[in-house]
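Here is my note on the structure, written as a few numbered points. Have the sequence and the 3D view open, and find each residue as you read.

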Amino acid sequence: MGLFGFFKSQFIEVIEWTDSHTNTMVYRFPVQNNEIKMGAELTVRESQVAIFVNEGEIADVFGPGRHQLWTQNMPVLTKLKSWKTGFNSPFKAEVYFVNTKQFVNQKWGTSNPIMMRDPEFGMIRLRGYGIYSYRVSEPTVFLKELFGTNASYDTSSIENQLKKMIISGLTDLFAESKIAALDLAMFYDELSTQGKEKMQERFSAFGFEITSLYIENLSLPKEVEEAMDKRTSMGVLGNLGQYQQYQAAEALRDAAKNEGGGLAGAGAGLGAGAALGGVMANAFSGNQQQNAATPAPGSEKVNCPHCDALVNKNAKFCGECGKSVQKKKVPCVNCKTEINEEAKFCGECGANQLAKKTCEKCGNENNPNAKFCGDCGETL
């Protein structure tokens, strides 16, 4: 190789990056022992940002498009290098391409159960998992805080950190929500939206923007789920006494179909019969106890209006004080039908029982049941 060819190999004239991997976040353009020629072409594609670093200091940032490197469009680097206008000499600088696309389908999940206080079950352990996506929104912040001087950087380098940040934030969110465990499935969308907003500030510290967060599932321990299934089964069965009787009848039917012979079969049949007899006895005794617990018609108790003792609803006198517990009957002021003393209206003619009787002689108003005027003694 001649001298001219040597110098030509040192001058980089086209700077670009095409990535075949979906998870690469940063790529450093290989310019070691090479120099970028003034006037070289820089191609930055959509979802990319090119950052020029001079001696460890960020100089210039280029967005998507095609750029020709001259002193006019590289003000910071030109100032650092103290180039004169039109100085057409090559220079050395590190070029980093930052991928600003969304990194989707990033998974999060609880490595250990989340301890929570539930209003119905008390202390519970909750597990959950889901997905999230994010992008680099501040390339310079990302370069300073995370990337450093590595040759490349992908999502696996920051995956554990982001996952722990999400779990910490969601644990706090679930506890603050105070939503019952049985109702959590109703609030997946709301909790996902609140979790995304809660994570935004934490992601911004690294130059990231969290674009979505989804809760796929929140589940209780296996033992708690089994207990809930049993409780549901009991609710479906309804009357346990009737269900036990049904089981006993089914067992008797199956035993009747068993045609096993011999002494062993007879012994087994006797044992089964004894066992079934016990089951039937328990079932029917339980049913009788249930029926006994239900009061017979007419045996309801009421309080005596005089001494407040409990007496049968149909009793005429109190067993404690001996006074009548039947309501006193009085004639209707209009049709003279026997009605209860406390009745305000007659059930036969509908007359108002509280209306006053006016004496035709003296005009005095008397009680509706009075027979004589209390003022002049005239018959009413």
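How exposed is Lys 198, given its relative accessible area? Keep that in mind as you read; the model is a predicted one.

1. **Lys 198 and its partner.** Lys 198 has a relative accessible area of 28%. The label for that value is partly exposed, because it falls between the 20% limit for buried and the 50% limit for exposed. The side chain of Lys 198 meets that of Asp 172 in a salt bridge, with 3.1 Å from N to O. This pair links distant parts of the chain, as Asp 172 belongs to helix H4 and Lys 198 to helix H5, 26 residues apart. Asp 172 is partly exposed too, at 33% relative accessibility.

2. **Helix H4.** Now follow Asp 172 into its helix. H4 covers residues 159-177, which makes 19 residues. At 1.5 Å a residue the helix should span 27 Å, and its end C-alpha atoms are indeed 27 Å apart, so the two values agree. Just after the helix comes Lys 178, which has a positive phi, near 55°.

3. **The buried residues of H4.** Try colouring Leu 162, Met 165, Ile 166, Ile 167, Gly 169, Leu 170, Leu 173 and Phe 174, which are buried. What do the buried residues of H4 pack against? Their neighbours are the strands S8 (103-109), S9 (114-118), S10 (122-136) and S12 (208-219), along with helix H5 (188-204).

4. **A residue of H5.** Helix H5 also contains Glu 190. With a relative accessible area of 40%, Glu 190 is partly exposed. Glu 190 and Tyr 214 are 24 residues apart in sequence, while their C-alpha atoms are 9.9 Å apart in space.

5. **Strand S7.** This strand runs over residues 94-99, and five of its six residues are buried, so S7 is largely enclosed by the rest of the structure. Which strands pair with S7? One is S2 (residues 24-29), antiparallel to S7 over four bridges. Another is S4 (residues 48-54), also in the antiparallel sense, with six bridges. Phe 97 is a handy landmark here: it is the bridge partner of Tyr 27, and Ala 50 stands opposite Phe 97 as well.

6. **Gln 48.** Stay with strand S4, where you will find Gln 48. Is Gln 48 buried or exposed? Its relative accessibility is 7%, so Gln 48 counts as buried. Leaving aside residues up to four places away in sequence, Gln 48 touches Trp 17, Gly 63, Pro 64, Phe 97, Val 98 and Thr 100.

7. **More salt bridges.** How many salt bridges does a search of the whole structure find? There are four. One of them joins Glu 16 and Arg 45, whose closest N and O atoms are 3.1 Å apart. Here too the pair links distant parts of the chain: Glu 16 sits in the loop between S1 (11-15) and S2, and Arg 45 in the loop between S3 (35-44) and S4, 29 residues apart. Glu 16 is partly exposed at 34%, and Arg 45 is partly exposed at 31%.

8. **Glu 41 and Arg 66.** In this salt bridge the closest N and O atoms are 2.5 Å apart. Glu 41 lies in strand S3 and Arg 66 in strand S6 (residues 65-68), so the pair ties together parts that are 25 residues apart in sequence. Glu 41 counts as partly exposed at 28%, whereas Arg 66 is exposed at 63%.

Note on methods:
Residues are numbered from 1 along each chain as its sequence is written. This is a predicted model: local features need pLDDT of at least 70, side-chain atom pairs count only at pLDDT 80 or more; totals for chains, interfaces and linings use all residues. Side-chain values use heavy atoms; hydrogens and water are left out. Helices (H or I, at least four residues) and strands (E, at least two) are DSSP runs, numbered from the N terminus. The expected span of a helix is 1.5 Å times one less than its number of residues. Buried means under 20% relative accessible area, exposed over 50%, partly exposed in between (1.4 Å probe, protein chains only). Contact means heavy atoms within 4.5 Å. Two strands pair if DSSP finds at least two bridges between them.
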